[in-house]
Each structure stands twice: as C-alpha cells, then as structure tokens.
Amino acid sequence: MTATTKKGLIFDIQENIEYDNKIRTFIYLKGCALNCLWCANPEGQNHKLECTHIQDLCDKCKECITNCNKKAIKYTEDGFPVFNRKICKTCEKYNCKENCSTENIRLSGKYITANELLNYFEEIKKSNWAGITISGGEPLLQPDFVREVVNLCSAKKISINLETAGYFNWEKVRDFIDKFDSIYYDLKILDSFLHKQLTGKENKIILRNLKKLAKNNADKITLTIPVIRSINASPEMFDEIAKLCLKLKIRKTKLLPYHTNGIKKYYELGRFYALPFAVPPSDEEIKALTSIMQNNNIACEVI
Ligand code: SF4
Ligand code: SF4
C-alpha cells in the first residue's frame, strides 16, 4: 500500500450503518466552519481534541481535580467537577481522563492516517458491506487527509461516499472531488441573512460550491435538507430549492426532520444548547414539503 502521511482528526467511526438498503462504515471528521444551532454532532464542530464528561456516571471521587496539572477543574456544591474549557483547550496531558476511575471523562477526537483507516476497513469488511461514507463535521476541511483516503479507496475499489455541508475551499478539493461515488450535500436555508443568523456563516460559498460540483456530478448528488419548524419548513423555500435542483439537474433529495438526540452531547462538552424551543415538523408538514419535490419530478425521501 502507498505510504500515506497526512493524519486526519476524526471523532467517530460507526461500522454498521444501514443506508440506502446497504451496510456502510461512516467516518466522522472533526472540524466545521458552520455552527448550526441544531447540530446533532457538536463534537464534530471544533478541530481539536476535547474532553467530555458524563455526569450521570461520576462518583464524585475528585481524582480528576487532584490530577489536573492545569487546575482547570472546580467542583459544584453537590460535588460534581466543572471544567474550565478555556484552560482545557491548551491541555496536552489529559491527566483527568487517565485518573477517572469510572471512565466518564473521555477524549473526543483521534488522529489517524489513511493507511490505518484502510487496514481497519479490511478487518471489518463483510459480504454485504457497501463501502464507506466520509462525514463530519465538514470532512473537506481536511482535504489532504481525505484526498489520501479517496485515492486509497479508489485503488482498492472501495465505494466512497461524501457527506458535506458545502462550506469548503473549492481549490483545495477540485483534484479529487469528482472521485466520490455519491455525495450528500446539505442545503439548510436559502436566505443568506437567515443562514448566517442560524449557522454563523452566509450561504454564498455553499451555493457556489454546489453549482461547481453539479457541473460534473449532478447525478451523484442528493441534496439533504434538515427540516425545522418555524425555521426552514416553509413551502416557499422548498419551492425555491426545487427550482434550484431542476436548474442544476439534481434529481434526489432527502429530508432530515429536526430531532433532539444530540442535546446531551452539548452538556458533556460543557456547552449550552442554543435551540431548546425548536420542535420537529409534523407529519403533515413533511408530507407537504415532500410533495413539492415530487411534483417537480425530484425524488424525495425522509430519513
Ligand atoms: S483536559 Fe487537561 S486541563 Fe482540562 S481538566 Fe483534564 S487534565 Fe485538566
Ligand atoms: S475522576 Fe471521574 S468519577 Fe472522579 S470526580 Fe472526576 S469525573 Fe467524577
């Protein structure tokens, strides 16, 4: 196998995900330029190692406090540790984790090379295994690592899918982006001002990259749209998205109804969840939005 040099920072590998009726392995890369308020994978947002703390399991032994050489931990009146995340940012030792008897302090993030990943795929491959999906975070913010994974997968004839939020530097990925077998491309909100309010960035780069990508890859793209009531579940926006799909010759969409499965992770990372009052769309709303796509001859599934 060709020697690979770039280390990727990942936060999870999930082996047996059923997707489009096949089993795929998902690799989640750490780091994203967006900061979507509803993000279900907040541990994917920062490109750095982070400690998580699961309070339910903590037995308040205070070993972490005693062993933190940076004095970053205080404890609450009821005895639970509270981490000063600004200090933790500069940590290199993670003595708190090493000394936690209940193993409830964990490190989110791991560096890995493309060769190590490929060796791992060889071990877990099963007969019904369809390949891998590179997701995140935003995987294309680690282009040198992803390029090596893509090239190794191509050489081994391993199918490789991409999940992207679209906010990346086109020039850094243009030499390999056509090599993905399929691409799930997030489009969250069409209004740029609202996009910035809710994700931290305008959507110009996302739309520009989508147009460039669709030139050669329209048939590989599935547009993935999170659906959040009172935020983007509007028929008007879906009408506009349908027009955009037709213009770019994209014929597949998937709707991702809002859910709250990721909230606990915010607290484990010492962060607050900024969208506590959002609610999932009703079945009727989802049906109406799906119909808009289907009436335009655009396939539309709900995950
Ligand atoms: S991550 Fe480092 S600085 Fe933060 S609590 Fe643990 S040992 Fe201390
Ligand atoms: S070492 Fe672990 S179990 Fe003990 S107080 Fe710290 S987090 Fe809780």
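These notebook entries record what I looked up in a predicted model of one protein chain with its ligands.

**Entry 1. Domains**

I began with the domain assignment, which gives domain 1 as 7–47 + 109–302 and domain 2 as 50–106. I then looked up the spacing of the two, and their centres, taken over C-alpha atoms, are separated by 32 Å. For the contact between them, I noted six residues from domain 1 and six residues from domain 2. On the side of domain 1 that touches domain 2, I recorded one nonpolar, three polar and two charged residues.

**Entry 2. His47 and Ser108**

I next looked up His47, which lies in the loop between β2 (22–29) and β3 (50–53). Is His47 buried, exposed or partly exposed? I entered His47 as partly exposed, because 17 other C-beta atoms lie within 10 Å. Not counting residues up to four places away in sequence, His47 touches Leu9, Lys30 and Gly31. I also noted 8.7 Å between the C-alpha atoms of His47 and Gly109, which are 62 residues apart along the chain.

I turned to Ser108, which belongs to strand β6 (residues 105–108). Ser108 counts as buried because it has 20 C-beta neighbours inside 10 Å, and the cut-off for a buried residue is 20 or more. Leaving aside neighbours within four places in sequence, I listed Phe11, Glu43, Leu49, Glu50 and Thr52 as the contacts of Ser108. For one of these, Glu43, I looked up the C-alpha separation from Ser108: 6.9 Å, with the two residues 65 apart along the chain.

**Entry 3. Ligand 1**

I looked up the surroundings of ligand 1 and found 13 residues, of which Cys68, Ala72, Cys88, Cys91 and Cys96 come nearest. Helices α2 (85–88) and α3 (95–98) each supply at least two residues of this shell. I recorded its make-up as 10 nonpolar, one polar and two charged residues.

**Entry 4. Ligand 2**

Which residues come nearest to ligand 2? I noted Cys58, Cys61, Glu63, Cys64 and Cys100, out of 15 residues around the ligand. The shell around ligand 2 divides into six nonpolar, five polar and four charged residues.

**Entry 5. Nonpolar cores**

I looked up the largest nonpolar core, which has 59 residues, and noted Ile134 and Val149 as those with the most contacts inside it. Helix α5 (residues 143–155) gives the largest share of this core, six residues. Another core lies apart from it, with nine residues, including Ala72, Ile73, Phe83 and Cys100. As background, I wrote down that nonpolar side chains tend to be buried together in soluble globular proteins.

I then followed Ile134 and listed its contacts as Ile27, Leu29, Pro139, Val146, Val149, Ile160 and Leu162, not counting residues up to four places away in sequence.

**Entry 6. Strands β8 to β11**

I traced the strand pairing from strand β8 (residues 129–136), which runs parallel to β9 and is joined to β9 by three bridges. Within this pair, the bridge partner of Ile134 is Leu162 in β9.

Strand β9 (residues 160–164) in turn pairs with β10 in the parallel sense over four bridges. There I found Asn161 opposite Ser182 in β10. Four bridges also join β10 to strand β11 (residues 221–227), again in parallel. Tyr184 stands opposite Thr222 in β11.

I checked burial in two of these strands. In β9, five of its five residues are buried. Ile160, Leu162 and Thr164 point one way from β9, while Asn161 and Glu163 point the other way. In strand β10 (residues 182–186), four of its five residues are buried.

**Entry 7. Backbone features**

I looked up backbone geometry last. Most residues other than glycine have a negative phi, and most peptide bonds are trans.

What kind of peptide bond joins Gly136 and Gly137? I recorded a cis peptide bond, with omega about 15°. Gly137 lies in the loop between β8 and α5.

Lys71 has a positive phi of about 55° and sits in the loop between α1 (63–67) and β4 (73–75). I entered Lys71 as exposed, because 9 other C-beta atoms lie within 10 Å. Glu103 has a positive phi near 55° and lies in the loop between α3 and β6. With 9 C-beta neighbours inside 10 Å, Glu103 counts as exposed.

Note on methods: Residues are numbered from 1 along each chain as its sequence is written. Chains are lettered from A and ligands numbered from 1 in the order in which they are written. This is a predicted model: local features need pLDDT of at least 70, side-chain atom pairs count only at pLDDT 80 or more; totals for chains, interfaces and linings use all residues. Domain bounds come from an automatic or database domain assignment. Two residues are in contact if their C-beta atoms, placed from the backbone, lie within 7 Å. Ala, Val, Leu, Ile, Met, Phe, Trp, Tyr, Cys and Pro count as nonpolar, Asp, Glu, Lys and Arg as charged, and the others, Gly among them, as polar. A residue is near a molecule or strand if its C-beta atom, placed from the backbone, lies within 6 Å of it. A residue is buried if 20 or more other C-beta atoms lie within 10 Å of its own, exposed if 12 or fewer, and partly exposed in between; C-beta atoms are placed from the backbone. A nonpolar core is a set of buried Ala, Val, Leu, Ile, Met, Phe, Trp, Tyr and Cys residues joined through C-beta atoms within 7 Å. Two strands pair if DSSP finds at least two bridges between them.
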